[in-house]
Structures are given as structure tokens and as C-alpha cells.
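Work through the following exercises with the sequence and the coordinates open beside you. Each task is followed by a solution that proceeds step by step.

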Amino acid sequence: MIKVLLADDQELIRQSLSFVMSRQEDIEMVGTAANGREALELVEEKQPDVVLLDIRMPEMDGVECTRRIKQEFPGIKVIILTTFDDDDYVFDALRYGASGYLLKGVHVPASQVRAFAAAMS
């Protein structure tokens with residue numbers, strides 16, 4: 001079972017991705033967060049295998065959140081959720097240890113989350 005945590009400041013994105021992921025037999029959604037600070041608290045509490053992390057969020061953006069997650073929990077995989085115009089942010093997140101990124105404007109199938117988790121284990 002792959003434990004997934006989702007952090008995105010847009011409630012509709014959180015709800016829809018959480019719903020899609022939770023319908024998969026081998027994925028357990030362990031929590032959702034509206035910003036990077038909430039995500040860090042949940043990472044410590046829930047110890048997910050994978051964090052789906054929006055790049056632009058209030059209070060703490062995805063770049064800083066990635067840096068802190070990878071510093072404190074190097075075994076947790078971070079996948080950045082982004083839009084087409086976030087190249088600089090994505091490169092920074094990858095530099096801090098994100099395993100990859102997915103475009104928000106495109107359907108994010110659970111199989112991609114599984115593939116990232118498997119490839120990085």
C-alpha cells in the first residue's frame with residue numbers, strides 16, 4: 001500500500017485528486033493540506049511514502065516545503081504539482097530533492113503516482 005499525502009491550496013484540486021487516489025486499491029490517502037506548513041505537520045504525523053505538493057501555496061510554498069521534507073525525511077518522495085508557467089519553481093524543487101513533477105492542467109492518473117513511488121524505492 002502506498003501512503004499518499006496531498007497539499008494544494010485549491011480545495012477543488014485537493015478534493016478531486018484525493019477522491020481519484022482513494023479509489024485505487026494500492027493507494028491510501030493519509031491526509032490533505034492547504035499549505036506547506038500544514039503539509040509539514042502531516043508529513044511528520046502520517047509518514048507518507050509520497051507527497052503530492054503544489055508548487056505555489058500560501059504560508060510556505062512547495063519549494064521550501066520540498067527542501068524541509070527532504071532534509072528531515074529523505075526517504076519520502078515528493079512529486080510537485082504545477083502549471084505550465086512554473087519552470088523556475090519546478091527546477092528549484094527538483095534541486096532540493098523532488099522526485100518529479102506533474103502538470104495540474106492535465107489528468108493526473110494514479111498510475112503515475114504509483115510509477116514514481118516504485119521507481120524511487
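**Exercise 1: A charged patch on the surface**

In this predicted model, a patch of negative charge on the surface gathers Glu38, Glu41, Glu44, Glu59 and Glu72. Determine which helix gives the most residues to the negative patch, and state where Glu72 is found and whether Glu72 is buried, partly exposed or exposed.

Solution. Begin with the helix that contributes most to the patch, which is H2, covering residues 36–46 and supplying three residues. Next, locate Glu72, which belongs to helix H3, spanning residues 62–72. Finally, turn to accessibility: partly exposed lies between 20% and 50% relative accessible area, and Glu72 has 46%, so Glu72 is partly exposed.

**Exercise 2: Overall layout and the strands**

Describe the order of elements in the protein chain, and then explain why strand E2 is largely enclosed.

Solution. Start with the inventory, since the protein chain contains five helices and five strands, arranged from the N terminus on as β-α-β-α-β-α-β-α-β-α. The chain has 121 residues, of which 47% count as buried. Strand E2, residues 27–33, has five of its seven residues buried, and it is therefore largely enclosed by the rest of the structure. As for its pairing, E2 runs parallel to strand E1 (residues 2–7), to which it is joined by six bridges; as an example of the register, Leu5 has Gly31 in E2 as its bridge partner.

**Exercise 3: The two faces of a strand**

Identify which residues of strand E5 lie on its covered face and which on its uncovered face, and follow Tyr101 through its strand pairing and its surface patch.

Solution. In a regular strand the side chains alternate between the two faces of the sheet. In E5, residues 100–103, the covered face holds Gly100 and Leu102, while the uncovered face holds Tyr101 and Leu103. E5 pairs in the parallel sense with strand E4, residues 77–82, over four bridges, and Tyr101 in E5 is the bridge partner of Ile80. The relative accessibility of Tyr101 is 43%, so this residue counts as partly exposed. On the surface, Tyr101 forms a nonpolar patch with Phe91 and Leu94, and together the three have about 300 Å² of accessible area.

**Exercise 4: Salt bridges**

How many salt bridges does the structure hold, and what are the closest N and O distances for the pairs Arg68 with Glu64, Asp92 with Arg95 and Lys46 with Glu45?

Solution. The structure holds four salt bridges. For Arg68 and Glu64 the closest N and O atoms are 2.8 Å apart, and both residues lie in helix H3, separated by four residues, or about one turn of the helix. Arg68 is partly exposed at 28%, as is Glu64 at 23%, and the two are linked with Arg67 in a network of salt bridges.

For Asp92 and Arg95 the corresponding separation is 3.0 Å, and both lie in helix H4 (residues 87–95), three residues apart, again about one turn of the helix. Here Asp92 counts as partly exposed at 30% relative accessibility, whereas Arg95 is exposed at 56%.

For Lys46 and Glu45 the closest N and O atoms are 3.6 Å apart; Lys46 is partly exposed, with a relative accessible area of 33%, while Glu45 counts as exposed at 57%.

Definitions and conventions
Residues are numbered from 1 along each chain as its sequence is written. This is a predicted model: local features need pLDDT of at least 70, side-chain atom pairs count only at pLDDT 80 or more; totals for chains, interfaces and linings use all residues. Side-chain values use heavy atoms; hydrogens and water are left out. Buried means under 20% relative accessible area, exposed over 50%, partly exposed in between (1.4 Å probe, protein chains only). Two strands pair if DSSP finds at least two bridges between them. Patches are made of residues with over 30% relative accessible area and no salt bridge: like charges are joined within 9 Å, nonpolar side chains (Val, Leu, Ile, Met, Phe, Trp, Tyr) within 5 Å. Accessible areas come from the Shrake-Rupley method with a 1.4 Å probe; for residues, only the protein chains shown count as cover. A salt bridge is a side-chain nitrogen of Lys or Arg within 4 Å of a carboxyl oxygen of Asp or Glu. Lys and Arg count as positive and Asp and Glu as negative; His and the chain ends are not counted. The place of a charge is taken as NZ of Lys, CZ of Arg, CG of Asp or CD of Glu.
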